[in-house]
Amino acid sequence: MTTIKLYNTKTRKKEVFEPLRRDDVRMYVCGPTVYDRAHLGNARPVVVFDVLYRLLRHVYGEAHVTYARNFTDVDDKINARARETGRAIGEITAETTQWFLDDMGALGALEPDHMPRATDYIPQMIAMIERLVAERHAYEEEGHVLFAVESYSDYGRLSGRTVEDMIAGARVEKAPYKRNPMDFVLWKPSSDDLPGWESPWGRGRPGWHIECSAMSYELLGESFDIHGGGNDLMFPHHENEIAQSRCAHPEGDFARVWMHNEMLQVEGKKMSKSLGNFFTVRDLLDQGIPGEVIRFVFLSTHYRKPMDWTAEKAKEAERTLRKWYRLAGLSGESSRYDPLVQALSDDLNTHEAISQIHALANAGDVNTLRFGLEMLGLWPGAIPKWAEIEGFTDAETGTISHLIQRRETARKKKDFAEADRIRDGLARAGVKVVDTPEGAEFEKLPNYDVNVLDEVWGGL
Ligand code: AMP
Ligand code: ZN
């Protein structure tokens, strides 16, 4: 079986991945708070962990991987949005959830096996909080329930901070109901105009962190294999998840491997509304940038490096993918290519996988090319509309693309006789070739004859 190695934030080492159960590899990734369109940065963890999900399914079998990613549908940002717009909370969260699924679907992301919504797990959150209170890891004060960070000696270990560092760094305000400024909210009171649920501490709503602990416990158990998210979540969110889960279920390990993607920037700068370089995935799709292109640009940088989105990269990616899709149009089936699986198994080396696909495409190895595209989630099942050539079927497009690829290789080798033979063959078949900066484009001439095309192809 393929050996997968993953970088574990917890140990700060790349480790051989050994799932707890080979017949059920379990992964949890923190999902979006649903009050607005996903920005481009939000898509990075989705794409990164989608590649990991595909790799795990390839190695352990589709039926043996369980992937859960939550929707945070109770949050003060959502309440604020409802107030500003005068719309119902449920309407906003339902609409935004669907937007998220549509936009991530356009990026080729598979839907996780479980997509729990926080508001469907309130009783489980209350049960976990009750347990923390009973075990003296949490206390009630002024209608709030707080987690006592001093009750968990490993607090801060994931991000490598001490409680003193955290207090200094976070400049936390000492709310009157907190015994220690680092203590965090598990439950807080809701006024009548805010969403709330009955609880042993009165009508209220959960804090953000508890939902991931309660839902991962419910869906994946007290010990599971992988927990992922952006590295901005490492502190405090993931530290708090660990503290809650380990204290409520000391019999378990919670997540064994922690994985964090680095942040996305735009043209070298942090994406922010004030810099005017903030945009959503939908903005790009609406500008006509195909989802496959966005995904390709993401995967060209390793997930643990900061990734820079640039318009130039998107253009380059479109040229490359157009060529690959047209070549893959000729593939009858996908055939496994081990070096590519090995590259991805090396802590998701997508950059290396893409280099290999370049080589497979240049060699005209269509079935392995298709396999590589599939592993990266870049194969939509047929040539996508934007890469099609009007008037030609996928197979014809594949044949012509191959002939052009051969002509290029022949030219590079200074085999001009071969290059001319291919050019003349295409002309005889009624295919006009126009070289453009975007690559070769072709058109059907009135004398187009697919039989001649096949003859030329067969005669090489
Ligand atoms: P949020 O809605 O802010 O909680 O973010 C949802 C997910 O997007 C989390 O996993 C974040 O780590 C991730 N995320 C947010 N901003 C960026 C960014 N600029 N680059 C990469 N990931 C991000
Ligand atoms: Zn989380």
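In the predicted model, Thr 97 is buried, with a relative accessible area of 4%. This residue belongs to helix H3, which spans residues 89-106. Its C-alpha atom is separated by 25 Å from that of Gly 221, a residue 124 positions away along the chain. The assignment of Thr 97 as buried follows because its accessible area of 4% falls under the 20% cut-off.

Helix H9, formed by residues 291-299, was examined in the same terms. Of its 9 residues, 9 are buried, so the helix is largely enclosed by the rest of the structure. The buried set includes the charged residues Glu 292 and Arg 295. It also contains Gly 291, Val 293, Ile 294, Phe 296, Val 297, Phe 298 and Leu 299.

Burial also describes strand S6, residues 144-147, which is covered on both faces. His 144 and Leu 146 are buried on one side, and Val 145 and Phe 147 are buried on the other. Strand S6 has antiparallel pairings with strand S5 (residues 138-141), over 4 bridges, and with strand S7 (residues 184-189), over 3 bridges. In the pairing with S5, Glu 141 stands opposite His 144. In the pairing with S7, Val 145 of S6 stands opposite Trp 187. Strands S5 and S6 form a hairpin with 2 residues between them. One residue of this turn, Glu 142, has a positive phi of about 50 degrees.

A zinc ion, ligand 2, is coordinated by four side chains: the SG atoms of Cys 30 and Cys 212, the NE2 atom of His 237 and an OE atom of Glu 241. The coordination distances are 2.0 to 2.2 Å. Along the chain the donors follow the spacing C-x181-C-x24-H-x3-E. Two of the donor residues, Cys 30 and His 237, link distant parts of the chain, being 207 residues apart. Cys 30 is found in the loop between strand S3 (25-29) and helix H1 (43-60), whereas His 237 is part of helix H7 (residues 234-248). Both Cys 30 and His 237 are buried. The angles among the 4 donor atoms range from 79 to 130 degrees, and the site is irregular. For reference, the ideal angle for four tetrahedral donors is 109.5 degrees. The site is not classed as tetrahedral because its angles extend down to 79 degrees, whereas that class requires all angles to lie between 85 and 135 degrees.

The second largest pocket holds about 390 Å³ of space. Its lining comprises 18 residues, and those nearest the centre are Arg 319, Lys 323, Glu 438, Gly 439 and Ala 440. Helix H10 (311-328), helix H14 (394-412) and strand S15 (439-444) are the elements that give two or more residues to this lining. The largest share, 8 residues, comes from H10. By residue class, the lining divides into 8 charged, 5 polar and 5 nonpolar residues.

Beyond helix H10, the loop that leads to helix H11 (338-345) contains Arg 336. Arg 336 counts as partly exposed because its relative accessibility is 45%. The C-alpha atoms of Arg 336 and Asn 367 are 8.2 Å apart in space, with the two residues 31 positions apart in sequence.

Methods. Residues are numbered from 1 along each chain as its sequence is written. Chains are lettered from A and ligands numbered from 1 in the order in which they are written. This is a predicted model: local features need pLDDT of at least 70, side-chain atom pairs count only at pLDDT 80 or more; totals for chains, interfaces and linings use all residues. Side-chain values use heavy atoms; hydrogens and water are left out. Buried means under 20% relative accessible area, exposed over 50%, partly exposed in between (1.4 Å probe, protein chains only). Two strands pair if DSSP finds at least two bridges between them. Donors are N, O and S atoms within 2.8 Å of the metal (3.2 Å for Na, K and Ca); water is not among the atoms, so sites may look incomplete. Four donors count as tetrahedral if all angles lie between 85 and 135 degrees; four count as square planar and six as octahedral if opposite donors are over 155 degrees apart and all others between 65 and 115; anything else is irregular. On a 1 Å grid over the protein atoms alone, a cavity is a set of points where a 1.4 Å probe fits but cannot get out, and a pocket is an open set with protein on both sides within 12 Å along at least five of seven lines; lining residues have an atom within 4 Å of a point. Grid points are joined across faces, edges and corners, and a volume is the space filled by probe spheres set on the points.
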